[in-house]
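Notebook open, model loaded. I wanted to work through the fold piece by piece and jot down what turned up.

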Amino acid sequence: MLTLECPYCGVKAEETELTPGYEAHLKRFGPGSSDDDFESYMFARKNPKGVHFERWRHAYGCGKWFLAARCTVTLEVFGTYPAQLGEPPADIIAKITAKRPGWEGYK
Ligand SMILES: [Zn+2]
């Protein structure tokens, strides 16, 4: 079972205590954007086999949204961090690149 540590309250929550929010770090496009940009924002999502950045909500805890970096194959969690951060913290990126030398980044 997937277990993620909530960066706000510090609880190690099991997957059943969390609500998935799908892909993290989406670049949003709204009114005035091109049709292609808006379409990709609305419908195109990554589905990597490997490292993925996701949004999660501690639904049965503090209720806050946070982000997690984890491997979709092994369920290894590289870290969690507040949803307000625009990009993953350097320590999480370093942890991923140390364990996955060929990893190409989160963008
Ligand atoms: Zn929490």
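**Sheet.** I started with the open sheet, which has four strands in the order β3-β4-β5-β6, paired antiparallel. β3 and β6 are its edge strands, each pairing on one side only. I also looked up the twist: neighbouring strands of this sheet are turned by 30 degrees against each other on average, direction ignored. This is a predicted model, so I'm reading everything below as such.

**β3 against β4.** Next I went through the pairs one at a time. β3 pairs with β4, residues 51-57, in the antiparallel sense, and I found four bridges there. T19 stands opposite R57 of β4. One step along, P20 has W56 in β4 as its bridge partner.

**β4 against β5.** How many bridges hold this pair? I get seven, again in the antiparallel sense. R57 turns up again here, with W65 in β5 as its bridge partner. So R57 has a partner in β3, namely T19, and another in β5, namely W65. I also noted V51, whose bridge partner in β5 is C71.

**β5 against β6.** These two run antiparallel and are joined by five bridges. One of the pairs I checked is R70 with V77 in β6. β5 and β6 make a hairpin, with five residues between the strands.

**Cover on β5.** I wanted to know how many residues of β5 are buried. The count is five of seven, which makes β5 mostly covered. For the chain as a whole, buried residues come to 18% of the 107 residues.

**Helix over the sheet.** Which strands does α2 lie across? I find α2, residues 90-99, across β4, β5 and β6. Its direction is at about 165 degrees to that of β6.

**Odd phi values.** I then went hunting for backbone angles that stand out. Most residues other than glycine have a negative phi, so positive ones deserve a note.

L75 is one of them: not a glycine, yet its phi is positive at about 65 degrees. Where does L75 sit? I place L75 in the loop between β5 (65-71) and β6 (77-82), which is the turn of the hairpin I had already noted. Is L75 buried or exposed? L75 is exposed, because I count 11 other C-beta atoms within 10 Å and the cut-off for exposed is 12 or fewer.

H25 is another case, with a positive phi near 60 degrees in a residue other than glycine. H25 belongs to the loop between β3 (19-23) and α1 (35-43). Here I count 15 other C-beta atoms within 10 Å, so H25 is partly exposed.

**Whole chain.** Last, I stepped back to the overall layout. I count two helices and six strands in the protein chain. Read along the sequence, the pattern is β-β-β-α-β-β-β-α. The C-alpha atoms fill a box of roughly 40 × 35 × 25 Å along the principal axes. I also pulled the contact figures: among contacts between residues at least 6 apart in sequence, 47% join residues at least 24 apart.

Conventions
Residues numbered from 1 in each chain as written. Predicted model: local features only at pLDDT ≥ 70, side-chain atom pairs only at ≥ 80, totals over all residues. Buried ≥ 20, exposed ≤ 12 C-beta atoms within 10 Å, placed from the backbone. Contact = placed C-beta atoms within 7 Å. Pairing = 2+ DSSP bridges. Axes fitted to C-alpha atoms, helices over the stretch in contact; angles between N-to-C directions.
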